Amino acid sequence: MTSTPANAGCSSPTAKGGRQRIVPVSSRFFAALGDYLNDERPRISTTDRVFLVLKGPHRGGPLSAAGLDEILAGARKRAGLTRLTCHQLRHTCFTGLREAGMALEAIQAQAGHASIEFTRIYLHLANDWLAGEYLRAAASIDSQSNPTDVGVIE
């Protein structure tokens, strides 16, 4: 998967504490956005907002935070989950990036965290990923200390 860094539009150019957030966006995002704009976004809208209400009496109006919460509640119910928030999806995204090999410092910068320790707390790494990281590191250490790989002087 290739990605192209781009500054994504948002309602506020800064994060908590006045730090700017930069959001790298993959080409897959732009393809999905194009599909949404061409196939799903109501054409009756008079707003310049990208994401709109797709059903009901407010169809074509801008999607609000409450509307997004309603969509998420429906998805949570269909998935049989007792709890799911937009903020938890943020945690999930950053955890997935870390498990895919993204450096912790890069995740910290993308998240807009002032402290790397906060970023560490934010991640919820899977046990199999942690085990794999341990085994990779242990194999590296073992290969460095293997007497057959090192010349012995007598």
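Start by selecting Glu-133 and Arg-136: they sit three residues apart in helix H6 (residues 127–145), which puts about one helical turn between them. This is a predicted model, so keep that in mind as you click along. Show both side chains and you will find a salt bridge between Glu-133 and Arg-136, with the closest N and O atoms 3.1 Å apart. Now switch on the surface and compare the partners. Glu-133 is partly exposed at 27% relative accessibility, while Arg-136 is exposed, with a relative accessible area of 52%.

**A second charged pair**

How many salt bridges does a search of the whole structure find? The search comes up with two, and you have just seen the one between Glu-133 and Arg-136. For the other, move to helix H5 (residues 116–122) and select Glu-117 and Arg-120, which are three residues apart there, again about one turn of the helix. Their closest N and O atoms are 3.1 Å apart. Color this pair by accessibility: Glu-117 is partly exposed, with a relative accessible area of 44%, and Arg-120 is partly exposed as well, at 45%. As a reminder of the chemistry, side chains of opposite charge can pair when their charged atoms come close.

**Zoom out for the whole chain**

Hide the side chains and go to the cartoon view. You should be able to trace six helices and two strands. Following the chain from the N terminus, the order of elements is β-β-α-α-α-α-α-α. The chain has 154 residues, and 19% of them count as buried. Its accessible surface amounts to about 11600 Å², and carbon and sulfur atoms contribute 58% of that. If you draw contacts between residues with a separation of 6 or more, 24% of them join residues 24 or more positions apart.

**Rings in helix H1 and the loop after it**

Next, show the aromatic side chains. The count comes to four aromatic pairs. One of them is Tyr-36 with Phe-51, a tilted pair whose centres are 5.4 Å apart, with 35° between the planes. Tyr-36 is in helix H1 and Phe-51 is in the loop between H1 and helix H2 (65–79), so this pair ties together parts that are 15 residues apart in sequence. Is each partner buried or exposed? Tyr-36 counts as buried at 10% relative accessibility, whereas Phe-51 is partly exposed, with a relative accessible area of 44%.

**Rings joining H3 and H5**

Now select Phe-94 and Tyr-122. Their ring centres are 6.1 Å apart and their planes stand at 50°, so this pair is tilted. Phe-94 belongs to helix H3 and Tyr-122 to helix H5, so the contact between the rings ties together parts that are 28 residues apart in sequence. Both partners are covered: Phe-94 counts as buried at 5% relative accessibility, and Tyr-122 counts as buried at 4%. Add Phe-118 to the selection, and you will see ring pairs linking Phe-94, Phe-118 and Tyr-122 into a cluster.

**One step along H3**

Keep Tyr-122 on screen and select Thr-95, which lies in helix H3 (residues 86–99). Thr-95 is buried, with 6% relative accessibility. Which residues is Thr-95 in contact with, leaving aside its neighbours within four places in sequence? They are Tyr-122, Leu-123, His-124 and Leu-125. Tyr-122 therefore turns up at this stop too, with its own relative accessibility at 4%.

**A nonpolar patch on the surface**

Return to Phe-51 and add Leu-37 and Val-50. Together these three form a nonpolar patch on the surface, with about 230 Å² of accessible area. Leu-37 is in helix H1 (residues 27–40) and is partly exposed, at a relative accessible area of 33%. Phe-51 thus has two parts on this tour: it is a member of the patch, and it is the ring partner of Tyr-36.

**Last stop: the cysteines**

Finish with Cys-86 and Cys-93. Cys-86 is partly exposed, with a relative accessible area of 33%, and Cys-93 is also partly exposed, at 41%. How many disulfides does a search of the whole structure find? The answer is zero. For orientation, a disulfide is a covalent bond between the sulfur atoms of two cysteines.

Key:
Residues numbered from 1 in each chain as written. Predicted model: local features only at pLDDT ≥ 70, side-chain atom pairs only at ≥ 80, totals over all residues. Heavy atoms only, no water. Disulfide = S-S within 2.5 Å. Buried < 20%, exposed > 50% of the residue type's maximum accessible area, 1.4 Å probe, protein only. Helix = DSSP H or I, 4+ residues; strand = E, 2+ residues; numbered from the N terminus. Contact = heavy atoms within 4.5 Å. Patch = residues over 30% accessible without salt bridge, like charges linked within 9 Å, V, L, I, M, F, W, Y side chains within 5 Å. Areas by Shrake-Rupley, 256 points an atom, 1.4 Å probe, with all protein chains shown as cover. Salt bridge = Lys/Arg side-chain N within 4 Å of Asp/Glu carboxyl O. Phe/Tyr/Trp six-rings, centres within 6.5 Å; stacked < 30°, edge-to-face > 60°.
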